[in-house]
Structure formats: structure tokens, C-alpha cells
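Biologist: I should like to learn how strands and backbone angles are read in a model. Could we go through some cases together?

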Amino acid sequence: MAMALPLMILTLLFLLPVTMLADPFLHRNNGTDLAALLAFKAECSDPLGILGRNWTTGTSFCHWVGVSCSRRLRRVTALVLPGIPLQGAVSSYLGNLSFLHVLNLTNTNLTGIIPPDIGKSSRLVVLDLSLNGLSGIIPHTIGNLTKLKVLVLSQNDLSGTIPYDLQNLNNLRNIDLGTNQLSGLIPQQLFNNTPQLIDLNFGNNSLSGPIPPGIASCAMLETLLLQRNQLSGPVPPTIFNMSKLQLLILASNSYLTGSIPSNKSFNLPMLLKFGMGGNNFQGRIPLGLASCRYLEVVSLSVNSFADFVPAWFAKLSQLTWINLGGNGLVGSIPGELSNLTLLNVFDLSYCNLSGRIPDELGEISHLTHLHLSYNDLTGSFPAFVGNLSQLSLLALESNYLTGLVPVTIGNLRTLNFLDIESNQFKGTLDFLSTLSNYRQLLLTLECVLSLGAFLLTLETSLQNYITFLQTPTILLA
């Protein structure tokens, strides 16, 4: 035993450079990570005490809630605390976490600015600070995070312009800056070298100027959301030829103009949602949509399209939403659209449609919204609506519909909005009694407030009418 002891000491000395001699180095750098985490904690009020109870020096920070470390070096690689109400600031000391790969502080009630020092965490792959109250600008130093794959800063109060430095993020797969107060141009060079980009969301800001043609060079792009900005000019035609695009939403920009390419230049085979409403597009409804067999939503409302209602929509069996309202559409409503058995929303309001409302629409059993107001439709009240058991909105205002309002409308137990004013209906008010048991129904019947264009023969008793008006569960507007 006495002779074995020197040999054991000698063995330990040989191992010392690998273990004990490395300890001061590791301790010093671990101390940097510890200090950064404690500084972050100190800048948060932590009303639920989640960090206060768990982030204590008596426990290794690698075991703290939301913290992950590398196995070998014991350095912080991830700080993930989504949904915890921390109510504080993004500490600039987080930039000292030099081994950090993931920073996810979404929905944590953070305020203040995004510190420029965050650009020092050069190993960051995921940066998610969404759903907070962050203000100020997007720091240009984020452009230093060249390994970044996911950048999500949406639903904050960020202002200023999109930094040109973001064009350095060549590994980006997801960039979401939506629902902020960003303004100015989208940098033209931003997407010239982002071959892996899958999701792009700049919607709900105040961005202006043209849509950069470079977006079309992102061959892997599946989601393009630019809605509710002030973008102007024509849409680069190459965007309508992106084979992987599933969501294309450019609605409510007001200043986007021009026509959408014909079917020869329109190739979006994977398209699910196509939202172009609230702009100034012209020409015909794009025929290229006829080849989008997975299409679920098409919204082209409030534009300057001039066309008939396309009967070829009937071949797109996955459609759940059609909104073509507010365009220069003429002709009749195709009865073939009854083939769309999954359709929930059908809006052809504020057009110039004529003819009868086809009875075949009664076969669309999943219909929840039928909006045909402000057209030149004729014929009788569409009695088939009594069979649409899921209907919640029925709007037929300002047409030339005639005849009786059937009592079968009382079958619509899910109805919460009914607008049939400014037509030429006549007959009794018996249908009103069938609606009196509805708990929440917003009625816009011109006959309720005045006897204007709603032509009535008041064969029901005045007392029944007064009882209806006094029903507290019905709101009259």
C-alpha cells in the first residue's frame, strides 16, 4: 500500500493538465455565464417567482429552469423561457453567453429595447423574442449572427427600418418581423443569398415601396406574408412561379397594382391560401388558380378585377373560403359551385351580379357565411338557407329579391347576423317569431327601424310585433 501511493500520485499528476489544470479556465468562463444569467434575472420582476425559487447559486445554473448546457464544457447553450411573465428587459449581458445557440423569450412581458450586444452571441441559431412589448429599432448587430436560422421578433412595438445588415444572414430559414411598426423599404438585397429560407413574414407593419424581386430567388420558400403594409407597384411576376409556395398573402396594401399573370406564367402547385384583397389589382380572376388542386382559401376582395364568377372553382374540392366581393364581377352565380362541399365562407358582395341565387347552394352543408349584399340579384328569398344548419351570417341586403321571408329561417340555430334590408320582400312578419329564441342575433332589417324599402303586409298582430321588439336576447341595429 505504501509503495502504491506514490504511483497513484504520479498518475494524478499526469491527469492534472486534463482535469484539474483546466478547472480554473472552465470556472472563469462558467463565471461569465453565471454573471450573465444573474444580470438577466436582476432586470426582471419575476412576479410568479419562477426564477427566484429556482435560479439560486446553491444549484448549478445548468440545472436552472429554462437553461441548457453543453456536456463537456458546461457552458450555456440555450435559454428557453416561453410564456413565463418575467416583466423586465432583455439584458445586454445575454450577449456574453458566447456558446448560446437558442434564445427563446417569447411571450414573457419583456419591454425596452433589443440590446445591440445580442449580436455578440455569434453561435446563435434561434432568436425568438416575439409576443412582447419590445420597442426601439432592430439592432444592425443582429446581422453579425451569421449562423442564425430562425429570427422571430413579431408582435412587438419595434419601429424604424429593416436593417440592411440582415442580408448577412445567409443561413436563415425563418424570419418573422410581423405585427410591429416597421417602416421604410424592404432592402432589395435582403434575399439574394438566403437559399434555405422557408418562411417570411413582414405583415402588419408600415413598410412601403416595391416588393423586392429577389424574394423569388428563395426556391424553398413556403410562406410569404406581406399583408397590411403600404407596399406599392406590381408584384414581381416571378413570385407567381414558386413551386413550393403554400401561403401567399399580400392583402390590404392598397397600392399594389397591375394584373396577376395568366395560367402560362402562374405555377403555384402547392398553394393553400391566396390572399390578395384590399389592393388595386386589375384584369381577370387568375386562371392559374384552376391548377392549384390543394387550394383552401382564395380572397381577392376589394380590387378592380373584371370577370364572371369562375365556374372552374367547382373543381377545387378543398376550398373552404371564397371571397371575391368588391370587384367588377358580372353575370350570374354558377350553380356548379355546390360541388364545394367543404366551403365555409362564400362572399360575392358589392359586385354587379344578376340573376337568381341558385338553389344548388343549399347543398353546401358546411356553409357558415353567405354574403351576397349589394348586387342586382332577383328572384325569391333563397328558401334553401333553412337547410344550412351551420350558417352564422346571412347578408342579402340591397338586391331586388321579392316574395316572402320563409319561416324556415328559424331553423338556423347558429345564426348571429341577418341582413335582408333594401329588397322588395312582402307578406307577414311571422318569420320574426321563429327568431325570438336566438340568444345572440344581430338583425339589420330595415322594417324593424322603419317601413322604408322593406314592403310589408302587416297581417300579424301588433302585439306580437311589440313582444318581438322587447325580446332582450336580440340586438337590433
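Modeller: In this predicted model, strand E2, residues 76-80, is mostly covered, with four of its five residues buried.

Biologist: How many bridges join strand E1 to E2, and do the two run parallel or antiparallel?

Modeller: Pairing is read from bridges, with at least two required between two strands. Strand E1 (residues 67-69) is joined to E2 by three bridges, and the two run antiparallel. Within this pairing, Val67 has Leu79 of E2 as its bridge partner.

Biologist: What lies between E1 and E2?

Modeller: Six residues separate E1 and E2, and the two strands form a hairpin. In the turn, Arg74 has a positive phi of about 60°.

Biologist: In which sense do E2 and E3 pair?

Modeller: E2 and E3 pair in the parallel sense, over three bridges. Here Val80 has Asn104 of E3 as its bridge partner.

Biologist: Which sign does phi of Asn109 have, and where is Asn109 placed?

Modeller: Asn109 is not a glycine, yet its phi is positive, about 60°. Asn109 is found in the loop between strand E3 (102-104) and strand E4 (111-112).

Biologist: Why is Asn109 classed as partly exposed?

Modeller: The class covers values between 20% and 50% relative accessible area. Asn109 has a relative accessible area of 36%, so it is partly exposed.

Biologist: What is phi of Tyr350, and where does Tyr350 lie?

Modeller: Tyr350, a residue other than glycine, has a positive phi near 55°. Tyr350 lies in the loop between strand E23 (345-347) and strand E24 (352-356). With a relative accessible area of 47%, Tyr350 is partly exposed.

Note on methods
Residues are numbered from 1 along each chain as its sequence is written. This is a predicted model: local features need pLDDT of at least 70, side-chain atom pairs count only at pLDDT 80 or more; totals for chains, interfaces and linings use all residues. Side-chain values use heavy atoms; hydrogens and water are left out. Buried means under 20% relative accessible area, exposed over 50%, partly exposed in between (1.4 Å probe, protein chains only).
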